[in-house]
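These are my notebook entries on a structure that I had not examined before. I set down what I looked up, in the order in which I looked it up.

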Amino acid sequence: MGLGPDATIGVLGVGRVGSAIARKALAAGYRVNVSSSKDPEHIALLTEIVIPGATAVTAEQAARDSDLVIVAVPLHKYRTLPVEALAGKVVVDAMNYWAPIDGSIAEFEQRSSSEVVRDFLPDSRVVKSFGHIGYHELESDGRPEDAPDRRALGIAGDDADAKAIVAEFIGALGFDVVDAGALAAGVNFQPGTAIFSGRHSAADIRSILAEATAEPAAQPV
């Protein structure tokens with residue numbers, strides 16, 4: 001079951017990434033709810049100026065009243081997410097763990113950051129994407145579906161239906177989609193990876209993923 005033309009997108013976090021995704025979603029025809037750590041009244045004017053057409057609400061409202069929820073808060077604040085309101089929702093993790101910026105955080109050193117988020121949101125359908133494209137590129141690089149220079153984004157998740165919904169949304173924003181597999185595979189487009197570090201077509205991302213997951217050649221005895 002897809003999003004449909006009347007779908008509402010919730011964006012938790014109105015920093016540069018969240019704002020860019022919200023603007024792209026509005027341009028694609030979706031309704032958009034946005035929230036921040038502040039009360040809606042505090043961000044209403046900012047929303048009107050920076051994301052015209054979006055509605056400022058609480059995080060709980062954005063989660064509850066939206067068909068797809070984008071999480072774009074600073075990663076170290078992931079425990080502030082409204083767990084109950086996000087239960088059953090398709091949640092796109094657009095956050096990144098970057099030790100040089102965030103400092104070393106033990107829970108993110110052992111596995112992909114999205115797996116940590118998934119464990120905090122056990123009843124949500126978490127899909128990783130958007131973290132490997134700059135906010136300015138998100139707004140400038142979208143192309144029609146048949147464009148030869150259409151850029152691709154990777155997605156990773158454990159729920160096939162959730163990934164299909166996210167892929168539909170990303171496609172509506174002007175990008176091809178490459179399914180990297182299970183949520184753990186999102187580690188292949190975290191900061192420091194080849195996918196994170198450049199603009200790539202769908203073929204490019206498939207090639208990088210194939211190389212990353214290939215078994216090492218056997219060494220001669």
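**Entry 1. A term fixed beforehand.** I call a residue buried when its relative accessible area is under 20%, exposed when that area is over 50%, and partly exposed in between. I also note at the outset that I am reading a predicted model.

**Entry 2. The whole protein.** I counted the secondary structure first and found nine helices and eight strands. I then looked up the radius of gyration, which is 17 Å; the globule rule gives 17 Å for 221 residues, so the protein is as compact as a globular protein of that length. Along the principal axes, the C-alpha trace spans about 70 × 45 × 35 Å. I recorded an accessible surface of about 10800 Å², with 52% of it belonging to carbon and sulfur atoms. Buried residues account for 47% of the 221 residues. I also looked up the contacts between residues at least 6 apart in sequence, and 64% of these join residues at least 24 apart.

**Entry 3. Phenylalanine 169 and its partner.** Is phenylalanine 169 buried or exposed? Its relative accessible area is 0%, which is under the 20% limit, so I enter phenylalanine 169 as buried. Its ring pairs with that of phenylalanine 130: the centres are 6.1 Å apart and the planes stand at 70°, so I class the pair as edge-to-face. The two residues come from distant parts of the chain, 39 residues apart, with phenylalanine 130 in the loop between strand 6 (125–128) and helix 7 (135–140) and phenylalanine 169 in helix 8 (residues 160–172). Phenylalanine 130 has a relative accessibility of 2% and therefore counts as buried too. I noted one further point on its backbone: phenylalanine 130 has a positive phi of about 75°, although it is not a glycine.

**Entry 4. Other aromatic rings.** How many aromatic pairs does a search of the whole structure find? The search finds six. One that I examined is formed by tyrosine 97 and phenylalanine 108, whose ring centres are 5.3 Å apart and whose planes are at 35°, so the pair is tilted. This pair also links distant parts of the chain, eleven residues apart: tyrosine 97 lies in the loop between strand 5 (90–93) and helix 4 (99–102), and phenylalanine 108 lies in helix 5 (residues 106–109). Both tyrosine 97 and phenylalanine 108 are buried. I found them again in one aromatic cluster, which is formed by Tyr78, Tyr97, Phe108 and Phe120.

**Entry 5. Helix 6.** Phe120 led me to helix 6, where it is one of the buried residues. Helix 6 (residues 113–120) is mostly covered, with six of its eight residues buried. Besides Phe120, I listed Ser113, Ser114, Glu115, Val116 and Val117 as buried there. Against which elements do the buried residues of helix 6 pack? They pack against strand 5, helix 5 and strand 6.

**Entry 6. Isoleucine 9.** I turned next to strand 1 (residues 8–12), which holds isoleucine 9. Isoleucine 9 has a relative accessible area of 0% and is buried. Leaving out residues up to four places away in sequence, I found isoleucine 9 touching Leu3, Ala25, Tyr30, Arg31, Val32, Asn33, Ser66, Leu68, Ile70 and Phe169. With alanine 25 the C-alpha to C-alpha distance is 7.4 Å, although the two are 16 residues apart in sequence.

**Entry 7. Lysine 163.** Helix 8 is also the place of lysine 163. I entered lysine 163 as buried, its relative accessible area being 9%. Not counting residues up to four places away in sequence, lysine 163 touches Val127, Ile155, Ala156, Gly157, Asp179 and Gly181.

**Entry 8. Leucine 26 and a surface patch.** Leucine 26 lies in helix 1 (residues 16–27). At 21% relative accessibility, I count leucine 26 as partly exposed. Beyond its neighbours within four places in sequence, leucine 26 is in contact with Val32, Ile51, Pro52, Gly53 and Ala54. Alanine 54 is 28 residues from leucine 26 in sequence and 7.4 Å from it in space, C-alpha to C-alpha. Finally, I looked for nonpolar surface and recorded a patch of about 370 Å² made by Leu45, Leu46, Ile49 and Val50. Of these, valine 50 is found in helix 2 (residues 40–50), and its relative accessible area of 30% makes it partly exposed.

Methods:
Residues are numbered from 1 along each chain as its sequence is written. This is a predicted model: local features need pLDDT of at least 70, side-chain atom pairs count only at pLDDT 80 or more; totals for chains, interfaces and linings use all residues. Side-chain values use heavy atoms; hydrogens and water are left out. Rings of Phe, Tyr and Trp (its six-membered ring) pair if their centres lie within 6.5 Å; planes under 30 degrees apart count as stacked, over 60 as edge-to-face and the rest as tilted. Helices (H or I, at least four residues) and strands (E, at least two) are DSSP runs, numbered from the N terminus. Buried means under 20% relative accessible area, exposed over 50%, partly exposed in between (1.4 Å probe, protein chains only). Patches are made of residues with over 30% relative accessible area and no salt bridge: like charges are joined within 9 Å, nonpolar side chains (Val, Leu, Ile, Met, Phe, Trp, Tyr) within 5 Å. Accessible areas come from the Shrake-Rupley method with a 1.4 Å probe; for residues, only the protein chains shown count as cover. A salt bridge is a side-chain nitrogen of Lys or Arg within 4 Å of a carboxyl oxygen of Asp or Glu. Contact means heavy atoms within 4.5 Å. The radius of gyration is taken over C-alpha atoms; the globule rule is 2.2 Å times the number of residues to the power 0.38.
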